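The following exercises introduce a structure step by step. Each task is followed by a worked solution.

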Amino acid sequence: MTNQTFDAFGIWKEMYDRTESAFRDSIQSTLEQPAFAEGLGQVQKQYLQYQGLVNGMTESYLKQVNVPSRDEIASIASLVINVESKLIDLEDQLDVQEDAHDSHAKEIKQLKTTVNRLDKKLDTVIELLTKQVEAKAAATPTPTPKAVPQKPLTPAPNAQVKTAATPAAKNTSQTKK
Amino acid sequence: MSNGVPTASFEQWIEAMKLPEEAVLPQDLEKIKRFTEVVTTESDPQVGQTPKEVIWTKNKSKLYHYAPHAKKTNKVPILFIYALINRSYILDLYPGNSLIEYLVNDGHDVYLLDWGTAGHEDRHMKIDDYIVDYIPRAAKKVLKDSGAKELTIYGYCMGGTMSTIFTSLYNDILPIKNLVLMTSPTDFEDAGLYTNWLNKDTFQLDKMVDTLGNIPFEMIDYGNRLLSPISNSLGTYVGLASRIENDNAVLTWKLMQKWLNDGVPFPGEAYRQWIRDFYQENKLVKGELAVRGQEVKLSNIKANLLNICATRDNIVQPEQIKALNKQVSSKVNTLHEVPTGHVSVCTGRYAQKEIYPFVSKWLKDHSK
């Protein structure tokens, strides 16, 4: 014995390696038996009967001493969960609205760009037309004084309106831009 | 021994049993001391360390966005869905050993829906509620937060089955580009030992849900351990003892134990539905499952499918997983078999070297 060393883990592992497969096979065949499942069911049934009895007794005791049972506390927790669910539903609806708002804002932005482009085009058209009218007017020969109609003594009210409207129109177009 | 006084023969026997001092080497004593420390007093490793922020909550659930400030090179975000009985950190276990960390570092935009811990007030929650009230909202939040036009749904285990149902119902409503599943059962015709144990004649399903409300994690864990009782109990500690001097192996062992022992209760009605509609009546693959009255047809799934099947999985049989690929209408329909178990498919050396890079590449290839 003096020449031997004692390796507890080595012995343990060796024992395990030598016996495990034999035990495993025998246990495996037992576990596969329908009788084992039946036994398991019986144990389960007895445990649940005992547990049911304990639950019932605990509940009636808690009722007598005016202490809320687990079910009663759980029902309060359920109410809180229900409120939270409603909040989550509201949050979801807000998300949907936010998404819709985002898409509307996008559409409005696109619309603005399109209107701006149209405005610029209109300005160009007006400019060209004005130039054309001016060119025409320059090309037409100046009429003789006889042909010029007599000016009214008082200025036409339209003339004032026209002069007042011109800068206003310009301002509108600038705002649009 | 007589009158409490040791006799000569007893003393001789004790003497014979004594090991000579030189027989017990100091390193053996160190090993025993270290083993005792690891099993009894040492603290758990810190899990779920990838930086994340909460972007949405509902009841106990939280939607996480991982590494929100990191550079994203893949435009299609990933939404992870895991099983109702696990903790969210299982997919982000430990730095260097985390699927989420790997994907984030590889330029993916990663989100995860954390189910939280169901309370007694959640015992009436059905799988329908999670699929209709939680997952679609989370998916919309992911799309809004990321600004992406499409997303990838990534399910693990039961979370994969839920993701499958969700995709079949919402594939035409939400832009689901890819569906990635890891060890997710679809066909429950032969679920191994569970088929025997959960049969309608012996298993007290209704009594269990009515009495307990939520099903304690320990009860589900007991069933999982019973699948391979010796290796899941004694074998775990023998494995630790034989590698006790290797710090990395000890860390991996502790991470595994944390994963396996740290679960959450299964919401009662969801459990009833999971066992009855799936394990006992196998409705999903037969096309008989209805979620809030809506028929679930697997053929409605048109998203690109990557279905990862672990061939050494004893919780979900490979045949339960493969059935999905035959039923979907996806043009890209990939079944990827890996030689791992149910847990080692997303953690451990093989997962880090083979599975993470494969998944990341597949996602990049199918997110263009």
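**Exercise 1: A helix crossing between two chains**

Task: Determine the handedness with which α3(A) passes α4(B).

Solution. In this predicted model, the crossing of α3(A) past α4(B) is left-handed. The elements involved are helix α3, residues 70-139 of chain A, and helix α4, residues 127-146 of chain B. Two packed helices are described by the angle between their axes and the distance between the axes. Here the angle is about 40° and the axes lie 13 Å apart.

**Exercise 2: The residues in contact**

Task: State which residues of α3(A) and α4(B) meet, and classify them.

Solution. On the side of α4(B), the residues are Arg137(B), Lys141(B) and Lys144(B). They are met by Ile88(A), Asp89(A), Glu91(A), Asp92(A), Asp95(A), Glu98(A) and Asp99(A) of α3(A). Sorted by character, the residues of this contact comprise nine charged, one nonpolar and no polar.

**Exercise 3: The annotated region**

Task: Describe the conformation of residues 80-128 of chain A.

Solution. An unreviewed UniProt entry lists this stretch as "coiled-coil region". In the model, residues 80-128 of chain A are 100% helix and 0% strand. The C-alpha atoms at the two ends of the stretch are 71 Å apart.

**Exercise 4: Chain A as a whole**

Task: Summarise the secondary structure and surface of chain A.

Solution. Chain A contains four helices and zero strands, giving the pattern α-α-α-α along the sequence. Of its 177 residues, 9% count as buried, that is, under 20% relative accessible area. The accessible surface of chain A is about 15,100 Å², and carbon and sulfur atoms account for 62% of that surface.

Notes. Residues are numbered from 1 along each chain as its sequence is written. Chains are lettered from A and ligands numbered from 1 in the order in which they are written. This is a predicted model: local features need pLDDT of at least 70, side-chain atom pairs count only at pLDDT 80 or more; totals for chains, interfaces and linings use all residues. Side-chain values use heavy atoms; hydrogens and water are left out. Buried means under 20% relative accessible area, exposed over 50%, partly exposed in between (1.4 Å probe, protein chains only). Accessible areas come from the Shrake-Rupley method with a 1.4 Å probe; for residues, only the protein chains shown count as cover. UniProt positions are given in the numbering used here, feature names are shortened, and annotations may be inferred rather than shown by experiment. Axes are lines fitted to C-alpha atoms, for helices over the stretch in contact, and angles run from 0 to 180 degrees between N-to-C directions. A crossing is left-handed if the near helix is turned anticlockwise from the far one by less than a right angle, and right-handed if clockwise. Contact means heavy atoms within 4.5 Å. Ala, Val, Leu, Ile, Met, Phe, Trp, Tyr, Cys and Pro count as nonpolar, Asp, Glu, Lys and Arg as charged, and the others, Gly among them, as polar.
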